[in-house]
Amino acid sequence: MAIIQTKDLTKIYTIGRNKTVVGLNHLNLTIEEGELFGILGPNGSGKTTCLKLLLGTLFPTSGEAYIMGKTPYDVEMKQHVGFLPENPYYYEYLTGKELLLFYGKLFDIDKEVLKEKIEELLKLVGLENTKKLSLRHYSKGMLERIGLAASLINDPKILILDEPTTGLDPIGCRDTRNLLIQLKDAGKTILLSSHFLSEVERVCTRIAILHKGVLLTTGKLDELMDKYKSVNLEDLFIKTIDEYEEKIQTQGVAQ
Amino acid sequence: MKKTWILAWNTVRESFRKKTTYIIILFALIMIAASEFFAFLSAQEQTKMIMDTSFAVIEFFGFLLAMFGSITAVSSEIEKRTIYTLLTKPITRTNFILGKYLGMFFILLINFVIMTIFFLLLIHFKKIPINIAIFKTLFLIFMELLVIASISLALATFTSDAFNIIASCFLYIIGHLTSYGRQVIEMTKNIVIKGLADMMYTILPNYQNFSIRDKVVVGIPVPWQYVLIVTGYGIMYIVIALLIGIYFFRTREI
Amino acid sequence: MKQKIWPILLIAILLFIPLGFIQNQINYETVADNLQTNLVLMPGEAGDMVLAGFKGIAADLLWINVENYWHRGEHFKMIPLFYMVTLLQPHWILAWSLGGWHMAYNVPAGVKNIQGKYYWYQQGIQFLKKGVSYNSSRYDLYFETGWTYYNKGEDYSNAVKYLKQAVIYPGPDYVKDVLAHAYEKDGHINQAIKEWKKLLHTDFKGVAKRMIYDLNTRGWATP
């Protein structure tokens, strides 16, 4: 059974009077357990909309989304999900340790287990020496790292990451990449959205390409590269978008 | 329920790590102490002025704390986007609202107790007798603050900060005048206006119910029955406000 | 996929009905316990309305001015303030008693002609009577009115009328003392003796004994 699934998931935003923008257009996506799945697309393609719909912070205009067979509003299901938002902001008045403690308590994790887990995670993301520093003084990179630690506090089965390498330097990117592969090998399902194609190319097993809310193509990276005769992901990306734009022009009507 | 407490505790912690809370309290304590300046009056007059000023200061600064506290509790999470991470945790949106309100309850309680202790020390120092009527007054002021907090919190779930501040201040003023409005309306002969006015009278928070200090300070006794009924009113209003807040928050897209 | 949440809003709206009932109950209690706040109509209503939540403070601020004018001897300026303060806080006894005293005693002292003096004495009496109407369940203002009739106006029958009301409510013994004097001055010797007898078990017993003796032997006691 697919661990993450969307069925004709649609989101139409109303802006002002009688003006609408299609955020997501009948998205049908299936992600299997254990995959490292990347959703790609230019800005405004619907990547974040898709993630927000899956996480329940936005409500769909039509269609359905399921995580582990449950709706996005299911509290039980959220026990097994970890989320890292784009441009993470956290409570400035807390220290890194307090933040992890706060989130950890919301997961019903045993206090002793939680304390150990926090030490482990802080070490993993390289922030064990900044325990007493409040988040107000963190750099962007540090915030990303504490955010990653926070998303792993509950040892989630599913990890959803929105632009996880934004603002990271190359070393930070490499570390994140390695961590993601490590987590995937440990059996976790990872769904990430990104427009850093080089990063996605190196880690994802399957991808989906979105453009203007429409799913252009989805599948295993090497199979798609073959199909579109692309040398790399960037090439694939451009080719699929060009193909779509051509189709629109010839058919004269957008979905 | 446990998660509501965790969220509440986080709200309290946020409030006490912010400078604004301390500034408001400091101002309140200074103003209570300022009633010392009535020393040139006779003892009886001084007592009245100290009591009047202190009650009014506690209520007014309490109002500021309740309003700004509730507004920031919700809007700072949304503006700072910490709400995204929070809502993806295994909590319901109802947990969030109740947690914030419970947090506000404790914030108000702690600040209220500080102001009350200071006030009681002052009147004890001035050899003014401390009687049960004073505690009844303080209790009802606290209930009023809880109602104010619930309304500001509910408004914060679907309005902007600016609108919320204006609306909360407006309701604060109107809420103290509702019984006057009722007296004026009673003189009207028009049934439609009367009906509408009656409806408004019920819907708007009647803060005047909680205001017994003008009576207590001049020695009019307030029976426990009155205090109890008004407390019931306060609790019912808080429930309504929180339900409205929960409704709007659950339908809100973030 | 949106959950059905409208019942929450419906319940919230329906709860306004029992809220209305509770409010009615509060209104009833307010009247029953004499906790009403009266509609205040005065010049500068807007200012008053805003302060409506802080009437005590408003009254206090005005009262400070009363003190200032008194110390500067500007008696006439105090008078409108007495009316304003008592309008804001009709149950503040001190405002009525002090106001009545100033009007009946101090203001006439500054007036040259007899009619003027009498006019202000009357104003003081009227003012105190108004205070009585707002505070009719306690002795204080009945006493003040009665005392002013007795002491300033030498109007003993009216003094008796008010002091009789004063003694009905719990109060200090001197109220009975003044009533007894007033009865005597008004020609009701027997009533006077009766009042003095009531004071035989109090701190006034020395005075009472003497008064009873004088009234019985020579028919007058109060000079």
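**View 1. Chain C is built from helices, with no strands in sight.** In this predicted model, chain C has 12 helices and 0 strands. Follow the sequence from start to end and the pattern reads α-α-α-α-α-α-α-α-α-α-α-α. The chain is more spread out than a compact globule, because its radius of gyration is 25 Å, well over the 17 Å that the globule rule gives for 223 residues. Drawn along the principal axes, a box around the C-alpha atoms of chain C would be roughly 105 × 45 × 25 Å.

**View 2. Here is the inside and outside of chain C.** Of its 223 residues, 49% count as buried. Look at the contacts in chain C with a separation of 6 or more, and you'll find that 49% of them join residues 24 or more positions apart. The accessible surface of chain C adds up to about 11400 Å², and carbon and sulfur atoms hold 58% of that. As for charge, chain C carries 22 positive and 18 negative side chains. The centres of those two sets sit 2 Å apart.

**View 3. This is where chain B meets chain C.** On the chain B side, 49 residues are in contact with 44 residues of chain C. Together the two chains bury about 4400 Å², with 71% of it on carbon and sulfur atoms. Which three residues of chain B supply more of its buried area than any other three? They are B:Y180, B:Y247 and B:R250, and they supply 13% of the area that chain B buries against chain C.

**View 4. Helix α1 of chain A is tucked in.** This helix covers residues 47-55, and 7 of its 9 residues are buried, so it is largely enclosed by the rest of the structure. The buried set takes in A:K47, A:T49, A:C50, A:L51, A:L53, A:L54 and A:L55. Just after the helix comes A:G56, with a positive phi of about 85°.

**View 5. A lysine in a loop of chain A has a positive phi.** A:K229 isn't a glycine, yet its phi is near 50°. You'll find A:K229 in the loop between α8 (221-227) and α9 (233-251) of chain A. Is A:K229 buried or exposed? It is exposed, with a relative accessible area of 67%.

**View 6. Chain B has a loop lysine with a positive phi too.** B:K127 takes a phi of about 60°, although it is not a glycine. Its loop runs between α5 (93-125) and α6 (132-156) of chain B. B:K127 is exposed, with a relative accessible area of 75%.

Conventions:
Residues numbered from 1 in each chain as written. Chains lettered and ligands numbered in written order. Predicted model: local features only at pLDDT ≥ 70, side-chain atom pairs only at ≥ 80, totals over all residues. Heavy atoms only, no water. Helix = DSSP H or I, 4+ residues; strand = E, 2+ residues; numbered from the N terminus. Rg over C-alpha atoms; globule rule 2.2 N^0.38 Å. Buried < 20%, exposed > 50% of the residue type's maximum accessible area, 1.4 Å probe, protein only. Contact = heavy atoms within 4.5 Å. Areas by Shrake-Rupley, 256 points an atom, 1.4 Å probe, with all protein chains shown as cover. Lys, Arg positive; Asp, Glu negative; His and termini not counted. Charge placed at Lys NZ, Arg CZ, Asp CG, Glu CD. Buried area = accessible area lost by both parts, 1.4 Å probe.
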